[in-house]
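The following exercises are to be worked through with the sequence and the three-dimensional structure at hand. Each task is followed by a solution in steps.

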Amino acid sequence: MCSQLHGCPVIHELNEKTKDGRPAEEFLCAQAIDAHTAVKHWVRNIERQPKFSFWLPTSTDYFYSDFVAELNDGRFLVVEYKGANLKTNDDSREKDQIGHQWEKASRGRCLFLMAVAKDDEGRDVFKQIEAKLK
């Protein structure tokens, strides 16, 4: 994926297709972020790089979100993507709670989205981002 908005020439571990040839869900999430007109820049966050990556503390270690975006209005959007099989497990619930607490503590400067292919309202990732930015 080549993007004018991505902050690095190579996107860390972002495969366009799965091993069986289907579009990779995180790749589709990245495309939705990249396509949004409110996004100024975005990066694929690299896990386990505490000096260089964005992270939040969990009860056992650190949580490295999948994507970090700077918005045109100066706010930051952090997106954690979850496949359908992972969106309701204990780890995902904890990350969602931590992300929303971080968002609340930022007093409007930061947004957190736990994105899924289709949310409970039937919205795709692009529409989930759109709703988050309102």
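Helices (H or I, at least four residues) and strands (E, at least two) are DSSP runs, numbered from the N terminus. The model is a predicted one, in which local features need pLDDT of at least 70 and side-chain atom pairs count only at pLDDT 80 or more, while totals for chains, interfaces and linings use all residues. Residues are numbered from 1 along each chain as its sequence is written, and side-chain values use heavy atoms, with hydrogens and water left out.

**Exercise 1. Locate Arg22 and determine whether it is buried or exposed.**

Step 1. Arg22 is placed in the segment before α1.

Step 2. The classes are set by relative accessible area: buried is under 20%, exposed over 50%, and partly exposed in between (1.4 Å probe, protein chains only). Because its value is 52%, Arg22 is exposed.

Step 3. A contact requires heavy atoms within 4.5 Å. Not counting residues up to four places away in sequence, Arg22 touches Glu16 and Lys17.

**Exercise 2. Describe the overall fold of the protein chain.**

Step 1. The chain has three helices and six strands, in the order α-β-β-β-β-β-α-β-α along the sequence.

Step 2. Of the 134 residues, 41% are buried.

Step 3. Among contacts between residues at least 6 apart in sequence, 54% join residues at least 24 apart.

**Exercise 3. Identify which elements build the largest nonpolar core.**

Step 1. A nonpolar core is a set of buried Ala, Val, Leu, Ile, Met, Phe, Trp, Tyr and Cys residues joined through side-chain atoms within 4.5 Å. The largest such core has 18 residues, and Ile33, Leu77, Val79 and Ile129 have the most contacts inside it.

Step 2. Two or more residues each come from α1 (25-35), β1 (39-44), β4 (67-71), β5 (76-81), β6 (110-115) and α3 (125-133). The largest share, four residues, belongs to α1.

Step 3. A second, separate core of nine residues includes Phe63, Val68, Val78 and Phe112.

Step 4. Leaving aside neighbours within four places in sequence, the contacts of Val79 are Cys29, Ile33, Ser65, Asp66, Phe67, Leu113 and Ala115.

**Exercise 4. Explain why the buried residues of α3 lie on the same side of this helix.**

Step 1. The buried residues in α3 are Val125, Gln128, Ile129, Lys132 and Leu133.

Step 2. They lie on the same side of α3 because they cover an arc of only 130° around the axis; the arc is that of the directions from the helix axis to the C-beta atoms.

Step 3. Their cover includes α1, β4, β5, α2 and β6.

Step 4. In α1, the buried residues are Phe27, Cys29, Ala30, Ala32, Ile33 and Asp34, and what covers them includes β1, β4, β5 and α3.

**Exercise 5. State where Arg107 lies and describe its backbone and accessibility.**

Step 1. Arg107 belongs to the loop between α2 and β6.

Step 2. Its phi is near 55°, a positive value in a residue other than glycine.

Step 3. With 77% relative accessibility, Arg107 counts as exposed.
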